[in-house]
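Q: I have a protein model open on my screen and I would like to learn how to read it. Could you walk me through it, feature by feature?

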Amino acid sequence: MSDYCCICNTRISEGDRNQIFMNGGYLSFEFCSNCWKSEKLHSPSTGGVITIAELFEQSNKDHNKQ
Ligand SMILES: [Zn+2]
């Protein structure tokens with residue numbers, strides 16, 4: 001587990017950590033709060049652009065469906 005944001009490579013301080021777990025927790029990605037709220041990603045499901053926070057909420061919903 002690294003302490004660096006996987007987008008901007010800034011060191012993440014305690015309390016500034018945002019994590020996404022994938023593959024049932026085998027993979028985790030960490031983001032600083034800045035990238036978490038502002039970085040835009042292309043959504044594979046909609047083809048639109050969403051923030052990491054929104055992607056995270058979506059994957060949580062998907063997970064709960066199963
Ligand atoms: Zn960052």
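Q: Let's start with a single residue: which residue is the bridge partner of isoleucine 20 in strand 2?
A: Isoleucine 20 has phenylalanine 29 as its bridge partner in strand 2. Keep in mind as we go that this is a predicted model. Another facing pair is phenylalanine 21, which stands opposite serine 28 in strand 2.

Q: In which sense do strand 1 and strand 2 pair, and over how many bridges?
A: Strand 1 covers residues 18-22 and strand 2 covers residues 27-31; they pair in the antiparallel sense, over five bridges. Together the two strands form a hairpin, with four residues between them. Look at asparagine 23 in that turn: its phi is positive, about 55 degrees.

Q: How should I picture the side chains along a strand?
A: Here is the general idea: in a regular strand, side chains alternate between the two faces of the sheet.

Q: Which other residue has a positive phi, although it is a residue other than glycine?
A: Take asparagine 9, whose phi is near 65 degrees. Asparagine 9 sits in the segment before strand 1.

Q: Now let me zoom out. How many helices and strands does the chain have, and what pattern do they follow?
A: The chain has two helices and four strands. Reading along the sequence, you meet them in the pattern β-β-α-β-β-α. As for dimensions, the C-alpha atoms fill a box of roughly 35 × 25 × 15 Å along the principal axes.

Q: How do I decide whether a residue is buried or exposed?
A: Count the other C-beta atoms within 10 Å: 20 or more means buried, 12 or fewer means exposed, and anything in between is partly exposed. Cysteine 35 is buried because 21 other C-beta atoms lie within 10 Å. Asparagine 9 has 10 C-beta neighbours inside 10 Å, so asparagine 9 counts as exposed.

Q: Why does tyrosine 4 count as partly exposed?
A: Tyrosine 4 has 13 C-beta neighbours inside 10 Å, so it falls in the partly exposed class. You will find tyrosine 4 in the segment before strand 1. Setting aside residues up to four places away in sequence, tyrosine 4 touches Asn9, Thr10, Arg11 and Ile12.

Q: What share of the chain do buried residues make up, and which residues form the largest nonpolar core?
A: Buried residues make up 11% of the 66 residues in the chain. The largest nonpolar core has seven residues: Cys5, Ile12, Phe31, Cys32, Cys35, Trp36 and Ile52.

Q: Where does cysteine 35 lie, and which residues does it touch beyond four places in sequence?
A: Cysteine 35 lies in helix 1, which spans residues 33-38. Beyond four places in sequence, cysteine 35 touches Cys5, Ile7, Cys8 and Ile52. Cysteine 35 and isoleucine 7 are 28 residues apart along the chain, and their C-alpha atoms are separated by 7.1 Å.

Q: What does tryptophan 36 touch, again leaving out residues up to four places away?
A: Tryptophan 36 touches Asn18, Phe31, Ile52 and Ala53. Now turn to asparagine 18, which is found in strand 1. Asparagine 18 touches Glu30, Phe31, Ser33 and Trp36, with the same neighbours in sequence left out. With 18 C-beta neighbours inside 10 Å, asparagine 18 counts as partly exposed.

Q: How do I compare distance along the chain with distance in space?
A: Try two cases with serine 43, which lies in the loop between strand 3 (40-42) and strand 4 (49-51). Serine 43 and leucine 55 are twelve residues apart in sequence and 7.6 Å apart in space, C-alpha to C-alpha. Tyrosine 4 and serine 43 are 39 residues apart along the chain, with 23 Å between their C-alpha atoms.

Q: What share of the contacts with a separation of 6 or more comes from residues 24 or more positions apart?
A: Such residues account for 25% of those contacts in the chain.

How values were computed
Residues are numbered from 1 along each chain as its sequence is written. This is a predicted model: local features need pLDDT of at least 70, side-chain atom pairs count only at pLDDT 80 or more; totals for chains, interfaces and linings use all residues. A nonpolar core is a set of buried Ala, Val, Leu, Ile, Met, Phe, Trp, Tyr and Cys residues joined through C-beta atoms within 7 Å. Two residues are in contact if their C-beta atoms, placed from the backbone, lie within 7 Å. Two strands pair if DSSP finds at least two bridges between them.
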